[in-house]
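Me: I have a structure open and would like to learn how to read its features one at a time. Can we work through it from the domains inwards?

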Amino acid sequence: MSSRESYTSVINRKAAAKQQLMNVAMGRERADLVLKNAVYVNVFTNELSQGDIAVKNGVIAGIGHYDGVEELDMQGKIVAPGLIDAHIHLESSLVAPSEFVKAVLPHGTATVITDPHEIANVLGTDGIDYMIQATEGLPVEVRFMLPSCVPATPLDESGARLDYQAIDPFYDYDRVQGLAEMMNYTGVIQGDTEVLQKIAAAHKYHCRIDGHAPGLSGRELNAYVASGVYSDHECSSMEEALEKLSRGQYIMIREGTAARNLRALAGLLVPQYYEHCMFCTDDKHPNDLLHVGHMDAIIREAVQKYKVDPIIAIKAATHHPARYFHLASRGAIVPGYQADFAVFDNLQDLHVEMTVIKGHVWYHDGQLEDVPVPEVDAWLSDKAHHTFNLDRLTSDSFEDHRPRGVIGMVPGEIVTTDAGYASAVDISKDILKIAVIERHRHTGHIGIGYLKGYGLKEGAVATSISHDSHNIIVVGSNDADMAAAANRIIENNGGIAVVKNGQILGEVVLKIAGLMSDKSLTEVNDALENAKKQAAVLGVSEGIDPFMTLSFMSLPVIPELRLTTRGIIDVARQQYI
């Protein structure tokens, strides 16, 4: 049985590695890899610098003139630090983490900061463990912010309830950076003990605490920032962002699939403000990953569409998140830093031609090296694949004749309006029945309401992705098809279903916690696009993503009305109506 490496052995090993690094830096030994004739982004002087970049044991040894065992000519290209996503939920890709990594490596991504609160709402701390194991040893470094709000509010029914003591042990993990988005800003400003305990615990470990406080202003913002929340990724206007910036918060400019704020916030990317801004995606769905890109796409759009200085845009996806998260050896091309590089064709087109991580070339000339698939403990994998604990449903499960609140959808937004009351489906007025079905604890709870603006004319659509507790959410023109769609989700142990007259027209199977698939990104995307097409045939309004939009109708922290397993909730008052 192998014994744990002694402290002396660790120090001697690291000192020997530094001696090798010194030998390469001084030219006494050849580097493992040299990027010859490199023009690179210098994030410290805000200019393009030149020189050979020498790498030893995954670390930059020096910049100047060097020889290497492997040499790659960078003539005519631009070398940038490896790209960093400052905030993402990996579950949003709908695939296992190794598949996500395969998708983003060709786009120059070297590090992502993920919040596993989607799977934590289903499996609790086992969900966090699952994601840590499923990302161990991947070429893209996956760092974690611990879920702060499981469930999102006390009125929600999730698969777990995590207090500060439940997540505290994870702060000792090497890849944990802090406490993830504090969505319960109401609890913060009202001085809720349990919420403030989580913030205090994160401070004890000297960790970052991310924010999530759309529209918060004035004294309420003062209280939120005073509690120790360092950043925000929910800004949707310059006015909001500047107020939060003026209070000392870092601004994560979000440009993902579900929410796109770059257009509104591009004005921050100027010398006066940009030092405290960084890019993130929050959610990134399969089609975007396959056909748009990742962090490179945000840089490209900022430069091409909003005329942002390319060096500023690159720093917002490299140096700034590295500095914010205390990743001391990432985000820059200087001696002693990790050898992570995104090689662009030029600063105008900004297409990634090569990705190097820890000195290893993972992507070059359109070719991606094989990505290892981390092993997850068998018992944990089995648990993650069996997360539905409820009985089959019938049309009677949705029978209800009392007046219920109507959630009014807003085109292009995930905020909603209070559209009054209804007691029945009325297709002529675009009023459909919507239900959220508790699936974690066999409670039998089914919240029922009505939805206006979705456009469905017949059939039903259901998904087990329903933020943040991820119960089953279903919308339909009739109770029988709603039951059939929900039952298909149960049979598949998670996913998406589009149904008409009891027949399955399209589906996506998501067996991992009802959130992710074991299949390839391409297979998942094909199934997803077919399901979208079938939903459109049934009448879902043009411009609406039928599943993503539906998944947010149950999130009780975004105004104005939402639906939980117990009924329609007024978000501002945190009360059922």
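Me: Which domains does the domain assignment of the protein give?

Reply: This is a predicted model. The assignment gives domain 1 (7–76), domain 2 (82–327) and domain 3 (388–576). Taken over C-alpha atoms, the centres of domain 1 and domain 2 are separated by 31 Å. In the contact between these two domains, domain 1 supplies 6 residues and domain 2 supplies 6 residues.

Me: How do I look for empty space in the protein?

Reply: Rolling a probe the size of a water molecule over the atoms shows where empty space is left. In this structure, the largest pocket holds about 700 Å³ of space. Its lining has 32 residues, and the closest to its centre are Ala258, Ala259, Gly412, Glu413 and Ile414.

Me: Which elements give two or more residues to the lining of the largest pocket?

Reply: They are helix H17 (521–537) and helix H18 (548–551). By domain, the lining of the largest pocket draws at least three residues from each of domain 2 and domain 3. By residue class, the lining of this pocket divides into 16 nonpolar, 8 polar and 8 charged.

Me: How many cavities of 30 Å³ or more are there?

Reply: The count is 3. The largest cavity has about 210 Å³ of space. It is lined by 20 residues, and Ser92, Leu94, His285, Ile465 and His467 are the closest to its centre. H17 and H18 appear again here, each with at least two residues in the lining of the largest cavity. That lining consists of 8 nonpolar, 7 polar and 5 charged residues.

Me: Why is the largest cavity placed between domain 2 and domain 3?

Reply: Both domain 2 and domain 3 give residues to the lining of the largest cavity, so the cavity lies between them. The second largest cavity is read in this way too: domain 2 and domain 3 both contribute to its lining, so it lies between them. The second largest cavity holds about 170 Å³. Of its 22 lining residues, His212, Glu234, Asp282, Asp283 and Phe552 lie nearest the centre. The lining of the second largest cavity splits into 7 nonpolar, 8 polar and 7 charged residues.

Me: Let us turn to single residues. Is Ser93 buried or exposed?

Reply: Ser93 counts as buried because its relative accessibility is 0%, and the cut-off for buried is under 20%. Ser93 sits in the loop between strand E6 (83–88) and H2. Leaving aside neighbours within four places in sequence, Ser93 contacts Phe100, Lys284, Pro286, Leu289 and Leu521.

Me: And where is Asn525 found?

Reply: Asn525 is in helix H17. With a relative accessible area of 4%, Asn525 is buried. Not counting residues up to four places away in sequence, Asn525 touches Pro286, Asn287, Leu290 and His291. Pro286 is thus listed as a contact of Ser93 and as a contact of Asn525.

Me: How should I read which residues of a helix are covered?

Reply: An α-helix has 3.6 residues a turn, so residues three or four places apart point the same way. Take helix H4 (residues 125–135), which is mostly covered, with 8 of its 11 residues buried. The buried residues are Asp126, Gly127, Ile128, Tyr130, Met131, Ile132, Ala134 and Thr135. Among the elements covering them are helix H2 (97–104), helix H3 (117–123), strand E8 (141–146), helix H5 (164–167) and helix H15 (378–384). After H4 comes Gly137, with a positive phi near 80 degrees.

Me: What is the reach of helix H16 from its first C-alpha to its last?

Reply: Helix H16 (residues 479–491) has 13 residues and reaches 18 Å, close to the 18 Å expected at 1.5 Å a residue. Its buried residues are Asp481, Met482, Ala483, Ala485, Ala486, Asn487, Ile489 and Ile490. The cover over these residues includes strand E20 (431–437), strand E22 (460–463), strand E23 (472–476) and strand E24 (495–500).

Me: Which residues is Ala483 in contact with, leaving aside its neighbours within four places in sequence?

Reply: Ala483 is in contact with Leu393, Thr394, Ser395 and Phe398. Ala483 lies in H16 and, at 4% relative accessibility, counts as buried. The C-alpha atoms of Ala483 and Val140 are 41 Å apart, with their positions 343 residues apart along the chain.

Terms used: Residues are numbered from 1 along each chain as its sequence is written. This is a predicted model: local features need pLDDT of at least 70, side-chain atom pairs count only at pLDDT 80 or more; totals for chains, interfaces and linings use all residues. Side-chain values use heavy atoms; hydrogens and water are left out. On a 1 Å grid over the protein atoms alone, a cavity is a set of points where a 1.4 Å probe fits but cannot get out, and a pocket is an open set with protein on both sides within 12 Å along at least five of seven lines; lining residues have an atom within 4 Å of a point. Grid points are joined across faces, edges and corners, and a volume is the space filled by probe spheres set on the points. Helices (H or I, at least four residues) and strands (E, at least two) are DSSP runs, numbered from the N terminus. Ala, Val, Leu, Ile, Met, Phe, Trp, Tyr, Cys and Pro count as nonpolar, Asp, Glu, Lys and Arg as charged, and the others, Gly among them, as polar. Domain bounds come from an automatic or database domain assignment. The expected span of a helix is 1.5 Å times one less than its number of residues. Buried means under 20% relative accessible area, exposed over 50%, partly exposed in between (1.4 Å probe, protein chains only). Contact means heavy atoms within 4.5 Å.
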